[in-house]
Amino acid sequence: MTRHAAFLRGVNLGKRTVKSAELKAAFEALGFTDVKTLLASGNVLFDAKAGKGLKQKIEAGLKAAFGFDVPIVLRTLDELKALVAADPFGRTAGEDAQLHVVLLDTDLPQGFKFANITGDYDVASIRPQELCFIVYRKDDGTYLGRSALNVDKPIPKGVVATMRNWNTILKAIA
């Protein structure tokens, strides 16, 4: 058995509400074991046999359980640990910054570039299946909203992308 993390895209927005207990039950109904939800933002840790079709099985099961498409990005716990060990931010961001990761369900095309906008955020690193951002606190004490990063625009059509705070990734591997 392999420990996995499923990061759901677009849940708990508007009418697309999925309660943690229901999400856990849906994963258990699919035959996965040691299922745990992480925070209330569509993160599920579970054990399953590795194999092709796991992502599609989960997406089909979630659609059947909730009545709408729920795209996911899937990672093994070992892949998340390797991401953390790689130190994709390359430095400590400090207390006036937040770290965010866009997780992708497939590799970015060779030579992919993301325009770096200075001032509010920096692109810390671009990895084949992750974009890592440092978001800085503005003068008024607020942070640029995650939706304002507009990271979906340059990502190729058909690629599932979902953003998480770096602390969520760290909690997933703890």
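Trainee: Which residues do ring pairs link into a cluster?

Mentor: Ring pairs link Phe27, Phe32 and Phe46. Keep in mind that this is a predicted model. A search of the whole structure finds five aromatic pairs. Phenylalanine 27 and phenylalanine 32 form one of them.

Trainee: Why is the pair of phenylalanine 27 and phenylalanine 32 called tilted?

Mentor: A pair of aromatic rings is described by the distance of the centres and the angle of the planes. The centres of phenylalanine 27 and phenylalanine 32 are 5.9 Å apart. Rings pair if their centres lie within 6.5 Å, so this counts as a pair. The planes meet at 45°. Stacked needs under 30 degrees and edge-to-face needs over 60, so the pair is tilted.

Trainee: Are phenylalanine 27 and phenylalanine 32 buried or exposed?

Mentor: Both phenylalanine 27 and phenylalanine 32 are buried.

Trainee: Why is lysine 24 called partly exposed?

Mentor: Lysine 24 has a relative accessible area of 32%. Buried means under 20% and exposed means over 50%. The value of 32% lies in between, so lysine 24 is partly exposed. Lysine 24 is found in helix H1 (residues 20-29).

Trainee: Which residues does lysine 24 touch, not counting those up to four places away in sequence?

Mentor: Lysine 24 touches Val35 and Thr37. As for aspartate 34, its C-alpha is 9.6 Å from that of lysine 24, and the two are 10 residues apart in sequence.

Trainee: Now to helix H3. What are the buried residues of H3?

Mentor: In helix H3 (residues 77-85), they are Leu77, Leu80 and Leu83. They cover an arc of only 115° around the axis, which puts them on the same side of H3.

Trainee: Which exposed residues does the face turned away from the buried side carry?

Mentor: That face of H3 carries Asp78 and Ala85.

Trainee: What do the buried residues of H3 pack against?

Mentor: They pack against four strands, E1 (2-8), E4 (72-76), E6 (121-127) and E7 (130-136), and against helix H4 (166-173). Just after H3, aspartate 87 takes a positive phi of about 50°.

Trainee: Which residues line the second largest pocket?

Mentor: The lining includes His4, Gly53, Leu54, Lys55 and Gln56. Leu74, Arg75, Thr76 and Glu79 belong to the lining too. Helix H2 (54-66) and E4 each supply at least two of the lining residues. About 150 Å³ of space lies in this pocket.

Trainee: How many of the lining residues are nonpolar, polar and charged?

Mentor: Two are nonpolar, four polar and three charged. Gly counts as polar, so Gly53 belongs with the polar residues of the lining.

Key:
Residues numbered from 1 in each chain as written. Predicted model: local features only at pLDDT ≥ 70, side-chain atom pairs only at ≥ 80, totals over all residues. Heavy atoms only, no water. Buried < 20%, exposed > 50% of the residue type's maximum accessible area, 1.4 Å probe, protein only. Arc of directions from axis to C-beta. Contact = heavy atoms within 4.5 Å. 1 Å grid on protein atoms, 1.4 Å probe; cavity = no way out; pocket = protein on both sides within 12 Å on 5 of 7 lines; lining within 4 Å. Points joined across faces, edges and corners; volume = space filled by probe spheres on them. Phe/Tyr/Trp six-rings, centres within 6.5 Å; stacked < 30°, edge-to-face > 60°.
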